[in-house]
Amino acid sequence: ATSRCVTRYKTDTAAMATSQELFANTAKMQQAVGIINNTAAAALGKLLLRVVAVLHTPGQAPLSEEETTNMQAALELDTASVKLLLETSSFILETAAYNQLSAKNLTRHLESIKIGEEQIAAFVKVWGAKGAEVVNKLRERAFSPRRLESVNWRLNVEMAQSSHAKVAQPNAQIELNVADVTSGEPKATPIQIEFTHAQLFDFYSKLEVIQKQLDQLT
């Protein structure tokens, strides 16, 4: 059910992307576009290949600290400008992926924010070569880098003092074993949660709502 939901979302978004602008022409975007346009197409293409390679792994930098320093020197940019260049390039490619843009539509959207012809060609070339692969990896990620592997549970009864009598307080301890699917060899990590009877009932009610919504998509 999840994969169908993702596919439907992406299909609908792709249709919308042809008729509306995806990149707001803000002051920050204009600054980033200026940096992009001042970057030689060949150098930009190499940078975009590094960016697209880690697009599906949040938090992973496309360049090492040493590579970033070397790029600053080669492009004659300060640290802030290099950061903006990387962030904007990543944003453009990720937006293209989530909207499944064709080369033609990607070109149109980049033209709308005044990116240069040679630089657009660099984006389109990388997107043409790696776009489908990126879309598939993002779909496999299914909006979350973590996947539920197994569930363990047990019931406890704690005795609490209330006035002059002991009162039984039952609770459920649930252990969710989740794996980080972005790592090469996912290893399950336990997450332990404790519920009172009322909390567990409320949680179950929410799961019922989620299940009904998923059933409507199948």
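Student: About how many helical turns separate Lys137 and Glu133 in helix H7?
Tutor: This is a predicted model, where local features need pLDDT of at least 70, side-chain atom pairs count only at pLDDT 80 or more, and totals for chains, interfaces and linings use all residues. Residues are numbered from 1 along each chain as its sequence is written, and side-chain values use heavy atoms, with hydrogens and water left out. Helices here are DSSP runs of H or I with at least four residues, strands are runs of E with at least two, and both are numbered from the N terminus. Because Lys137 and Glu133 are four residues apart in H7, their separation is about one helical turn.

Student: What N to O distance goes with the side chains of Lys137 and Glu133?
Tutor: Side chains of opposite charge can pair when their charged atoms come close. The term salt bridge applies when a side-chain nitrogen of Lys or Arg is within 4 Å of a carboxyl oxygen of Asp or Glu. Lys137 and Glu133 meet in such a bridge, and the N to O distance is 3.1 Å.

Student: Is Lys137 buried, partly exposed or exposed?
Tutor: The classes rest on relative accessible area: buried is under 20%, exposed is over 50%, and partly exposed is in between (1.4 Å probe, protein chains only). Lys137 has 29% relative accessibility, so Lys137 counts as partly exposed.

Student: Which residue forms a salt bridge with Lys206?
Tutor: Look in helix H8, where Lys206 and its partner lie four residues apart, about one turn of the helix. The closest N and O atoms are 2.7 Å apart, and the partner of Lys206 is Asp202.

Student: Which residue meets Glu67 in a salt bridge?
Tutor: This pair links distant parts of the chain, with Glu67 in helix H4 and its partner in helix H3 (residues 41-53), 17 residues apart. Glu67 is partly exposed, with a relative accessible area of 31%. The N to O distance is 3.0 Å, and the partner is Arg50.

Student: How are H4 and H5 arranged relative to each other?
Tutor: Helix H4 (residues 65-75) and helix H5 (residues 79-98) pack with their axes 10 Å apart at an angle of about 105°. The axes are lines fitted to C-alpha atoms, for helices over the stretch in contact, and angles run from 0 to 180 degrees between N-to-C directions. Angles under 35 degrees count as roughly parallel, over 145 as roughly antiparallel, 65 to 115 as roughly perpendicular and the rest as oblique. H4 and H5 are therefore roughly perpendicular.

Student: Which residues of H4 and H5 make the contact?
Tutor: Contact requires heavy atoms within 4.5 Å. H5 contributes Thr79, Val82, Leu85 and Leu86, while H4 contributes Thr68, Met71, Gln72 and Leu75.

Student: What is phi of Glu76?
Tutor: Most residues other than glycine have a negative phi. Glu76 sits in the loop between H4 and H5, and it is exposed, with 73% relative accessibility. Its phi is positive although the residue is not glycine, with a value near 55°.

Student: And what is the phi of Lys114?
Tutor: Lys114 is in the loop between helix H6 (103-112) and helix H7 (117-141). At 61% relative accessibility, Lys114 is exposed. It too is not a glycine, yet its phi is positive, about 70°.

Student: Which residues does Ser89 touch, not counting those up to four places away in sequence?
Tutor: Ser89 lies in helix H5 and is buried, with a relative accessible area of 0%. Beyond four places in sequence, the residues touched by Ser89 are Leu48, Val51 and Phe123.

Student: Which residues does Val134 touch, leaving out those up to four places away in sequence?
Tutor: Val134 is in helix H7 and, at 6% relative accessibility, counts as buried. Outside that sequence window, Val134 touches Val52, Leu55 and Ala97.

Student: About how much accessible area do Leu200, Phe203, Leu207 and Ile210 have together?
Tutor: Patches join residues with over 30% relative accessible area and no salt bridge: like charges within 9 Å, nonpolar side chains (Val, Leu, Ile, Met, Phe, Trp, Tyr) within 5 Å. Leu207, in helix H8 (residues 197-217), is partly exposed at 39% relative accessibility. Areas come from the Shrake-Rupley method with a 1.4 Å probe, and for residues only the protein chains shown count as cover. Leu200, Phe203, Leu207 and Ile210 form a nonpolar surface patch with a joint accessible area of about 320 Å².
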